[in-house]
2 protein chains.
Amino acid sequence: MNASKPLISYKDVKAGVLARILRRDWPPGALLPTEEALAQDFGCSRATANRALRELARTGIIERRRRAGTRVALSRPEAAMLTVPLVRDEIERAGGAYGYALIERRETAADAALAVRFETAPGAPLLFVRCLHLSDGAPHQLETRWIALDAAPAAAREPFERVSPNEWLLTETPYDRIEHILTAAAPDADERARLALGPGEPVFVIERRTWRAGAVVTAARLSHPASRFRLISRTDWAA
Amino acid sequence: MNASKPLISYKDVKAGVLARILRRDWPPGALLPTEEALAQDFGCSRATANRALRELARTGIIERRRRAGTRVALSRPEAAMLTVPLVRDEIERAGGAYGYALIERRETAADAALAVRFETAPGAPLLFVRCLHLSDGAPHQLETRWIALDAAPAAAREPFERVSPNEWLLTETPYDRIEHILTAAAPDADERARLALGPGEPVFVIERRTWRAGAVVTAARLSHPASRFRLISRTDWAA
DNA sequence: TAGTGGTCTAGACCACGAG
DNA sequence: TCGTGGTCTAGACCACTAT
């Protein structure tokens with residue numbers, strides 16, 4: 001007979017281990033069997049068990065240490081994969097017509113505060129750009145951005161009249177590190193006007209910085225009308 | 001001579017491929033060599049190249065499809081690993097003294113709106129809990145929570161007078177799926193009072209739902225004073 | 001020092017999906 | 001249809017760290 005055994009997948013092992021954790025066979029803090037033992041239990045190779053455990057560890061549900069073994073995490077921080085969408089994609093995916101308007105663009109030099117944000121010396125050349133992203137004509141995001149001209153000199157030649165800094169940077173200046181800070185805030189007078197905010201309506205602010213080869217390339221403050229903006233994150237451990 | 005070749009690690013391949021992408025050797029949209037070709041280039045096995053590419057694909061910087069090959073992503077959504085911290089940990093890590101106060105606890109039944117949120121029928125038994133988390137005596141998070149008693153019957157016997165639902169659920173009721181919705185909002189009168197908000201100060205709201213075996217276990221609205229709350233996410237592709 | 005996870009290799013078969 | 005990624009195996013050596 002050649003209807004031989006279907007091979008066990010790392011997904012099977014993942015699901016099996018997860019099920020046992022959820023069922024409290026292995027409560028928080030419990031020590032799991034070694035990779036070798038699990039491989040035997042499930043009838044797979046150690047490499048397969050390893051991949052299953054590695055992926056579970058990445059989600060934070062288990063913790064692994066050499067020699068000490070693998071344990072069910074005691075208190076798992078609510079790790080969530082968040083996707084901060086590109087403004088244009090986000091608007092178009094929602095069925096809206098994307099609009100863009102440049103407000104201001106000028107070269108400047110870093111003051112003390114900006115020097116800190118850019119991890120550089122005061123006086124460093126920066127490009128300042130302010131613009132608005134609209135959905136069906138309604139303001140959706142106010143973008144206030146600085147670009148380090150040392151790191152991205154090409155920006156000095158880009159007018160940003162038809163292309164947003166957002167998209168231009170994505171195409172022209174790849175980064176290898178990114179930081180997001182999410183806050184709620186009361187709008188200043190300018191934001192209130194430009195975003196056409198209702199009375200008492202706050203803004204949802206995303207502050208973003210990107211690095212390239214250790215240097216800050218750009219810093220931006222992206223503010224959105226609270227009533228029309230939300231970030232959603234869904235995580236499915238089983239899948 | 002036995003100082004034989006040090007083996008090439010998947011990390012080497014990852015770094016090498018990333019560097020070439022950042023250097024625009026392979027611009028957005030470009031087709032990368034096959035796993036086999038890369039393995040030869042780098043002098044490693046195909047499995048090693050595979051792991052490197054798989055991990056890069058997970059971050060969204062490249063896209064892989066059978067038969068079509070591997071391409072540099074055209075527009076990468078700003079994927080970010082966000083960690084929503086446990087209130088208590090967050091406060092204590094910041095050096096504050098954690099405080100907890102139960103405000104209200106009562107059993108109830110799902111009305112139409114709650115039935116939708118719980119993906120169940122109206123009338124389903126729920127436990128309603130409202131409480132406050134404090135840092136050095138100052139309000140830090142107002143937690144408004146419903147727990148499905150069908151899914152977590154043990155909650156009916158827990159007074160929640162000393163342990164927050166947050167922590168209790170973490171220990172007692174594991175979940176396999178979680179959803180977060182982040183918004184900014186103007187506070188209602190109750191939030192303003194309980195969170196001791198300044199005039200015009202908005203709240204940062206995290207709405208969280210967790211599932212277990214396809215059923216919603218709990219839904220919570222966690223609101224924080226905007227002036228004292230932020231979420232931070234940092235991602236380093238190179239590392 | 002010994003045990004556990006971390007990783008690499010060489011070879012193999014399979015599944016998807018572009019052309 | 002057939003090339004590319006997806007995955008499994010068996011075996012091996014290494015690196016970290018608890019004891």
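A residue is near a molecule or strand if one of its heavy atoms lies within 4 Å of it. The views below come from a predicted model, in which local features need pLDDT of at least 70, side-chain atom pairs count only at pLDDT 80 or more, and totals for chains, interfaces and linings use all residues. Residues are numbered from 1 along each chain as its sequence is written, chains are lettered from A in the order in which they are written, and side-chain values use heavy atoms, with hydrogens and water left out.

**View 1. Protein surroundings of DNA strand C.** DNA strand C is surrounded by 26 residues, the closest being R46(A), R64(A), S9(B), Y10(B) and T48(B). Of the strand's atoms within 4 Å of the protein, 64% belong to sugar or phosphate, and the rest to bases.

**View 2. Side-chain approaches to DNA strand C.** A polar side-chain atom of R67(A) lies 2.7 Å from a base nitrogen of DNA strand C, whereas one of R66(A) lies 3.1 Å from a sugar or linking oxygen. From chain B, a polar side-chain atom of S45(B) lies 2.7 Å from a phosphate oxygen of the strand.

**View 3. D176(B) in its loop.** D176(B) lies in the loop between α6 (165-172) and β7 (177-185) of chain B, where helices (H or I, at least four residues) and strands (E, at least two) are DSSP runs numbered from the N terminus. D176(B) is buried (under 20% relative accessible area, 1.4 Å probe, protein chains only), yet the nearest side chain of opposite charge, R212(B), is 5.0 Å away. The side chain of D176(B) reaches the backbone nitrogen of A213(B) at 3.1 Å.

Technical notes. A polar contact is a pair of N or O atoms within 3.5 Å; within protein, one must be able to donate a hydrogen and the other to accept it, and residues adjacent in sequence count only if both atoms are side-chain atoms. Buried means under 20% relative accessible area, exposed over 50%, partly exposed in between (1.4 Å probe, protein chains only). Lys and Arg count as positive and Asp and Glu as negative; His and the chain ends are not counted. A salt bridge is a side-chain nitrogen of Lys or Arg within 4 Å of a carboxyl oxygen of Asp or Glu.
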